[in-house]
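Reader: I am new to this structure and would like a close look at a single part. Please take one helix, describe what surrounds it, and then follow the chain outward from there.

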Amino acid sequence: MSNHPDLFADRPGLLRLGDESVNFYLLEQDGRYTLFDAGFPAHYEQLIAVLAGRGLDLSAIEAVVLTHAHPDHIGIAERVRVEAGAPVYVHADEARYATTTEQPSSERPVTDYMEHAFARATFEAAMTAGVATIPPVKEVQTFTDGDVLDVPGRPQVIATPGHSPGQSSLLLSEHGVLIVGDTLEGFNVLTGRYGPQLGPDGTNFSTDQALQSLERIEAIDADLLFGHGNPWTWGARLAVACARALGRS
Ligand SMILES: [Zn+2]
């Protein structure tokens, strides 16, 4: 389990779930829980174990909030929705991808990256974690830019489209963190390149739009929690500068 207690020690209530490749986050606020993103199907047992460790079961989760609807972010969303009776929230421009097997187009075929051993490993890990078995979310609640969601943690929505049409960043002011999903990633999931950067073109709906969206988060005074990679505690401005310097991939 990739819980990093030291990195989260000053933020009681926030827990990182997932594995080396994929993150999602559990937030506890006054005994109430929100799940941010939903990993892969294989991560279900991890979530159950974390809750059991606190004497809880899945019914403790009151809401699932998705940064976007790529498969590695919605893995157990439908299962949690059904078993916990928890509504699933997603940006209005992303709802069709969460509720069907349709996915947004990407700028480049991912097969272009298969020369990289890292890309092959990423896909292998995804298959092992159940990427091919993810059910669409049958019912979603939609949000839009500027909304403050009435769920534990009260995340504020900052629309940061590009990686996908409805990609959103979620600001948890009280915790001083911005959950960015794949607006920025801590490493390159297809080439292995290190550092905060945009997703590779092969995973992006529009890299130009993703680059533009960085302007919406760069002035935010918060640590960043990525969909991929370790938490970033050096501020959004530096992360954005790194991403611009590293450029497309
Ligand atoms: Zn993604």
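Author: The buried residues of helix α2 are covered by, among others, strands β1 (14-18), β2 (23-29), β3 (32-36) and β4 (61-65), together with helix α4 (77-84), where a contact means heavy atoms within 4.5 Å. What you see is a predicted model, in which local features need pLDDT of at least 70 and side-chain atom pairs count only at pLDDT 80 or more, while totals for chains, interfaces and linings use all residues. Residues are numbered from 1 along each chain as its sequence is written, and side-chain values use heavy atoms, with hydrogens and water left out. Helices (H or I, at least four residues) and strands (E, at least two) are DSSP runs, numbered from the N terminus.

Helix α2 spans residues 44-53, and its buried residues are Tyr44, Gln46, Leu47, Val50 and Leu51; buried means under 20% relative accessible area, exposed over 50%, and partly exposed in between, with a 1.4 Å probe and protein chains only. Seen down the axis of α2, these buried residues fall within an arc of 165°, so they line one face of the helix; the arc is that of the directions from the helix axis to the C-beta atoms. On the other side of α2, Glu45 and Gly53 are exposed. Just after the helix, glycine 55 takes a positive phi of about 75°.

The strands around α2 belong to an open sheet of six, with the order β1-β2-β3-β4-β5-β6 and mixed pairing, two strands being paired if DSSP finds at least two bridges between them. At its edges stand β1 and β6 (141-143), each of which pairs on one side only. From one strand to the next the twist averages 25°; axes here are lines fitted to C-alpha atoms, for helices over the stretch in contact, and angles run from 0 to 180 degrees between N-to-C directions. Helix α2 packs on this sheet, touching β1, β2, β3 and β4, and its direction makes about 150° with that of β1. Helix α4 also packs on the sheet, where it touches β3, β4 and β5 (88-91), and its direction makes about 155° with that of β4.

Within the sheet, β2 and β3 pair in the antiparallel sense over five bridges, and the bridge partner of glutamate 28 is tyrosine 33 in β3. Tyrosine 33 also stands opposite isoleucine 61 in β4, where β3 and β4 pair in the parallel sense over four bridges. Strand β4 is mostly covered, with four of its five residues buried.

Following the chain onward leads to the metal site. The protein donors of the zinc ion are His68 (NE2), His70 (ND1), His163 (NE2) and Asp182 (OD), at 2.1 to 2.3 Å from the ion; donors are N, O and S atoms within 2.8 Å of the metal (3.2 Å for Na, K and Ca), and water is not among the atoms, so sites may look incomplete. The four donor atoms subtend angles of 86 to 171° around the zinc ion, which makes the arrangement irregular. Four donors would count as tetrahedral if all angles lay between 85 and 135 degrees; four count as square planar and six as octahedral if opposite donors are over 155 degrees apart and all others between 65 and 115, and anything else is irregular. Along the chain, the donors follow the spacing H-x1-H-x92-H-x18-D. Distant parts of the chain are linked here, with histidine 68 in the loop between β4 and α3 (71-74) and histidine 163 in the loop between β7 and β8 (168-172), 95 residues apart. Histidine 68 counts as buried because its relative accessibility is 0%, and histidine 163 likewise counts as buried, at 2%.

The loop of histidine 163 leads on to another sheet. Four strands form this open sheet in the order β7-β8-β9-β12, with mixed pairing. Strands β7 (156-159) and β12 (223-226) stand at its edges, each with a single partner strand, so one side of each is left without a neighbour in the sheet. Strand β9 (residues 177-181) pairs with β12 in the parallel sense over four bridges, and valine 177 stands opposite aspartate 223 in β12.

Helix α8 also meets β12, since its buried residues pack against β11 (194-197) and β12. Those buried residues are Ala236, Ala239, Val240 and Ala243.
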